[in-house]
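Reader: Hello! I am new to reading protein models, and I would like to take a close look at one part of this one. Could you walk me through it slowly?

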Amino acid sequence: MSSDGTDVRVDYSRVFTQAIDRLHSEGRYRVFIDILRNKGAFPNARCFAGHNGPKPITVWCSNDYLAMGQHPKVIAAMEDALHDVGAGSGGTRNIGGNTHYHIDLEQELADLHGKQGALLFTSGYVSNEATLSTLAKILPGCVIFSDELNHASMIAGIRNAGCEKRIFRHNDLAHLEELLAAEDPAVPKLIAFESVYSMEADVAPIAAICDLADKYNALTYLDEVHAVGMYGARGGGISEQEGVADRLTIIEGTLGKAFGVMGGYIAADQTIIDVIRSYAPGFIFTTSLSPVLVAGVLASVRHLKASSAEREGQQTSAALLKTMLSEAGLPVMLGETHIVPVLVGDPVKAKRISDILLAEYGVYVQPINYPTVPRGTERLRFTPGPSHTPEMMRELTDALVEIWSRLELRRAA
């Protein structure tokens with residue numbers, strides 16, 4: 001009660017309901033699809049959307065880009081670890097969760113990027129948030145220069161650092177240099193950016209950014225989550241492919257996309273690794289990855305260091321799908337990477353297309369809406385892999401053409 005006797009209790013249920021209602025009204029309410037992948041038969045899966053039992057579908061939006069989550073070596077390694085040491089790690093790395101599997105994997109990841117050391121985290125999100133926030137707190141007065149399209153995890157890390165930040169226009173070297181030049185030369189600086197931007201399907205000018213970092217005495221932090229395993233002779237990412245990994249201060253990656261399992265990591269010189277290991281709450285106070293998962297990643301990283309067949313198959317599939325969609329007059333956003341976005345430009349329509357594809361064609365692709373992408377640029381994001389056949393691509397293209405015509409959507413010019 002207020003001082004005048006008025007009932008001022010908060011209606012919590014109403015507040016929460018209104019928040020969900022806003023998402024529905026904007027066409028941004030997200031629906032999780034109930035599926036099971038078919039072991040050894042990716043991209044085939046089963047969908048439990050209806051009441052008549054599982055329906056066979058083809059998955060077109062997985063970040064398991066190379067189907068390594070289905071690879072016999074990975075599955076065998078996980079089974080062996082399960083029967084060797086059991087399920088969980090038993091605690092944080094500081095207490096009971098530091099297994100030999102973790103140490104081996106960190107050595108493999110450091111070697112992958114040509115760095116002195118590496119550090120495992122429970123996810124790519126955590127590795128970005130924990131590392132960026134900790135670095136800036138260790139460096140007094142640090143200013144972080146961040147690409148405007150950086151991932152939410154990088155943005156969270158920068159925000160939680162509590163330091164000054166400067167946002168530069170996406171891949172705009174002139175704007176980045178303008179911001180760097182305007183800063184006090186004595187101030188610690190860190191440039192944070194990605195190699196492959198997964199929603200735009202474009203690539204950062206890594207070498208040129210390193211040139212600016214050298215010129216203005218800045219550290220560099222490269223997120224390679226959509227590139228590790230995918231590019232370079234051994235899967236070290238765009239930085240390996242372009243021969244610039246040695247110029248980067250920190251390389252961050254994920255173990256849940258091309259490597260097909262779960263986790264995140266950073267690779268850097270041993271002193272930086274030790275600083276993050278010793279100061280980052282997101283590392284110190286988190287139960288470590290299950291050794292079963294780590295064993296699977298270890299097998300995947302080792303395999304992809306030696307085999308290019310998966311990378312080559314994936315690039316061939318991506319190129320073929322881009323050609324098919326483009327020739328069909330669909331608004332595919334052509335880029336230089338393995339990601340194939342098709343622009344819709346409306347959240348309600350994007351969701352409608354996704355629903356029709358699943359219900360009528362057995363095609364599973366999720367719509368990508370705000371805040372993942374800017375409003376008005378909503379899209380479908382296809383990730384063809386080495387196991388997607390030309391026949392699957394033709395069926396997908398024909399389905400999209402029919403739906404575009406049915407919904408009277410705008411075709412490419």
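Reader: Is the crossing of H12 and H14 left-handed or right-handed?

Author: Happy to help! Please keep in mind that this is a predicted model. The crossing of H12 and H14 is right-handed. Let us build up the picture around that pair of helices, and then use it to read some other parts of the chain.

Two packed helices are described by the angle between their axes and the distance between the axes. For H12 and helix H14 (residues 390-406), the angle is about 30 degrees and the axes lie 10 Å apart. An angle under 35 degrees counts as roughly parallel, and H12 and H14 are therefore roughly parallel to each other.

Now zoom in on the residues that touch. On the H12 side you will find Ser317, Leu320, Leu321, Met324 and Leu325, and they meet Pro390, Met393, Arg394, Leu396, Thr397 and Leu400 of H14. Sorted by class, the contact of H12 with H14 has eight nonpolar residues, two polar ones and one charged one.

H12 has another partner too, a sheet, so let us look at that next. Strands of a sheet pair through backbone hydrogen bonds, either parallel or antiparallel. Here, three strands form an open sheet in the order E13-E16-E15, and the pairing is antiparallel. Strand E13 (340-343) and strand E15 (367-368) are the edge strands, each pairing on one side only. Between E13 and strand E16 (residues 379-382) there are four bridges, in the antiparallel sense. To find your way on the screen, look for Val342, which stands opposite Leu380 in E16. Helix H12 (residues 309-327) packs on this sheet, where it touches E13 and E16, and its direction makes about 20 degrees with that of E13.

With that practice, you can read other helix pairs in the same chain. Take helix H4 (residues 124-138) and helix H5 (residues 152-161): their axes come within 7 Å and cross at roughly 30 degrees. That makes H4 roughly parallel to H5. The crossing of H4 and H5 is right-handed. Among the residues making the contact are Tyr125, Leu132 and Ala136 of H4, along with Met154, Gly157 and Ile158 of H5. By class, this contact of H4 with H5 has eight nonpolar, six polar and two charged residues.

Another pair to try is helix H6 (residues 173-181) with helix H7 (residues 206-215), whose axes come within 11 Å and cross at roughly 15 degrees. H6 and H7 are therefore roughly parallel to each other, and their crossing is right-handed. Leu173, Leu176, Glu177 and Leu180 in H6 meet Ala208, Ile209, Leu212 and Lys215 in H7. This contact of H6 with H7 has six nonpolar residues, no polar ones and two charged ones.

Loops can be worth a visit as well. Gly88 sits in the loop between helix H2 (72-85) and helix H3 (100-113). Gly88 and Leu289 are 201 residues apart in sequence, yet their C-alpha atoms are 7.7 Å apart in space. Beyond its neighbours within four places in sequence, Gly88 is in contact with Ser290 and Pro291.

Finally, step back to the whole chain, which has 14 helices and 16 strands. Its C-alpha atoms fill a box of roughly 70 × 60 × 50 Å along the principal axes. A compact globule with 413 residues would have a radius of gyration near 22 Å, and the chain's 23 Å agrees with that.

Key:
Residues numbered from 1 in each chain as written. Predicted model: local features only at pLDDT ≥ 70, side-chain atom pairs only at ≥ 80, totals over all residues. Heavy atoms only, no water. Axes fitted to C-alpha atoms, helices over the stretch in contact; angles between N-to-C directions. Helix = DSSP H or I, 4+ residues; strand = E, 2+ residues; numbered from the N terminus. Parallel < 35°, antiparallel > 145°, perpendicular 65-115°, else oblique. Left-handed = near helix turned anticlockwise from the far one by under 90°. Contact = heavy atoms within 4.5 Å. Nonpolar A, V, L, I, M, F, W, Y, C, P; charged D, E, K, R; others polar. Pairing = 2+ DSSP bridges. Rg over C-alpha atoms; globule rule 2.2 N^0.38 Å.
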